[in-house]
Amino acid sequence: RLLTRLALNVQDSAIDAMKSLLGPALKHVLERHIAHPTVQRVGLETFSLLCTRNAHFKVMLIDYNGVEMVVRSMELHVNDWEIQRYGCAVLSGLSMLPDGKRIIGNRGGIEAIVSAMQGHPESTGLQNEALTALKNLATVAANKPVIVASGAEDAVLYAIWINLGDAMVVTNALKAMNNIACDPQTRSVAKMRTLTFHIVLVAMQRYQVNGNVQKISVFLLKSYSFLPENLKTMVSSLDSLIPLLYSAAENYPETCSNVAQSIMLKMEKMSLF
């Protein structure tokens, strides 16, 4: 707990001076006491704080099997929501780095994140960390099959449904969904499930005065619209979708107008045939 306080309260220069000793020492304690929930809880929280303050700790964890350590801790303590949350927070931080994305995908990190989401759906802090991690991890083509196999899309949709009253969870979930659906390497987009489409509509309806939700929702729908099969699904629900697109375009013209109009034009062309 002293290390957690240090990570929170000491100056950046002090953390920088201690980094070469602090990181390995903390990792050693976590590995040695992997079965002790309190040690894991406090240690992972401390690492999550250190990673936000100094990039050295991210690099150290990536280079010295830190991902495996975090995943192992999460696997051993699946019912401890705090360990799951701080584990997701550490993996979220590491997922910002190219090597982190690759190693998390290869070492069971995606499965651990999805398991945490499924096991603790009402923990908004956990959900936000996990969703941010998935958003980052989904930008790597090699992670796509793992993400699909892990059931990540279902976990993201459930996160929205259970936490519909939390705008941040909804926002992060929609961001993750967009990256999961799109593959920039192959310039392709996944088939949109009917459930996915209706949950996006529910989010748009619920948050008509939230610019972030509206912006991400219309961008997600535009991404999906590049697949004709997805566009057909949208056309089949014109009465529900068109008013929401008009509302987004009117309320947020700078971020939503052109995108919403592009979607409506595509739907109009398809409906003529």
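How do the residues of the lining of the second largest pocket divide into nonpolar, polar and charged? The tour comes to that pocket after a few other stops, and every stop concerns a predicted model.

**Annotated spans**

Begin by selecting residues 28–153, which the unreviewed UniProt entry annotates as "domain: LRRK2 ARM repeat". In the model this span is 78% helix and 0% strand, and its end C-alpha atoms lie 35 Å apart. Next select residues 108–152, for which the unreviewed UniProt entry lists "repeat: ARM". Here the end C-alpha atoms lie 13 Å apart, and the span is 71% helix and 0% strand.

**The largest pocket**

Now select Ser48, Leu49, Thr52, Ala89 and Glu129, which are the closest to the centre of the largest pocket among the 14 residues that line it. The volume of this pocket is about 250 Å³. To see where its walls come from, colour helix H3 (37–53), helix H6 (81–94) and helix H9 (124–137), each of which supplies at least two residues of the lining. By residue type, the lining of the largest pocket divides into five nonpolar, five polar and four charged residues.

**The second largest pocket**

Move on to the second largest pocket, whose volume is about 200 Å³. Select Val148, Glu153, Ile180, Ala181 and Ala190, the closest to its centre of the 14 residues that line it. Helix H10 (144–149), helix H11 (152–162) and helix H12 (167–181) are the elements that give two or more residues to this lining. The opening question can be answered here: the residues of the lining divide into eight nonpolar, one polar and five charged.

**Salt bridges**

Keep Glu153 selected and add Arg193, because these two residues form a salt bridge in which the closest N and O atoms are 3.9 Å apart. Glu153 is in helix H11, while Arg193 is in the loop between strand E2 (188–189) and helix H13 (194–206), so that the pair links distant parts of the chain, 40 residues apart. Arg193 is partly exposed, with a relative accessible area of 33%.

Turn next to Glu82 and Arg41, whose side chains meet in a salt bridge at 3.4 Å, N to O. Glu82 lies in helix H6 and Arg41 in helix H3, so this pair ties together parts that are 41 residues apart in sequence. The relative accessible area of Glu82 is 27%, and this residue is therefore partly exposed. 

For a salt bridge inside one helix, select Arg102 and Asp99, where the closest N and O atoms are 3.6 Å apart. Both residues belong to helix H7 (residues 98–106), and because they are three residues apart, about one helical turn separates them. Arg102 counts as partly exposed at 42% relative accessibility, and Asp99 also counts as partly exposed, at 40%. Across the structure, the count comes to eight salt bridges.

**Cysteines**

Why is Cys88 not bonded to the closest cysteine sulfur? Select Cys88 together with Cys51, which holds that closest sulfur, and the distance between the two sulfurs is 14 Å, too far for a bond. Cys88 is also buried, with a relative accessible area of 0%. Cys256 is likewise in no disulfide, since the nearest cysteine sulfur, that of Cys182, is 17 Å away. Like the previous stop, Cys256 is buried, at 0% relative accessible area. A search of the whole structure finds zero disulfides.

**Two loop residues with positive phi**

Most residues other than glycine have a negative phi. Finish with two residues where phi is positive, starting from Asn65, whose phi is near 60°. Asn65 is placed in the loop between helix H4 (55–63) and helix H5 (66–76), and at 47% relative accessibility this residue counts as partly exposed. The last selection is Arg187, a residue other than glycine with a positive phi, near 55°. Arg187 lies in the loop between strand E1 (182–183) and E2, and is exposed, with a relative accessible area of 78%.

Notes:
Residues numbered from 1 in each chain as written. Predicted model: local features only at pLDDT ≥ 70, side-chain atom pairs only at ≥ 80, totals over all residues. Heavy atoms only, no water. 1 Å grid on protein atoms, 1.4 Å probe; cavity = no way out; pocket = protein on both sides within 12 Å on 5 of 7 lines; lining within 4 Å. Points joined across faces, edges and corners; volume = space filled by probe spheres on them. Helix = DSSP H or I, 4+ residues; strand = E, 2+ residues; numbered from the N terminus. Nonpolar A, V, L, I, M, F, W, Y, C, P; charged D, E, K, R; others polar. Disulfide = S-S within 2.5 Å. Buried < 20%, exposed > 50% of the residue type's maximum accessible area, 1.4 Å probe, protein only. UniProt positions renumbered as here; feature names shortened; annotations may be inferred. Salt bridge = Lys/Arg side-chain N within 4 Å of Asp/Glu carboxyl O.
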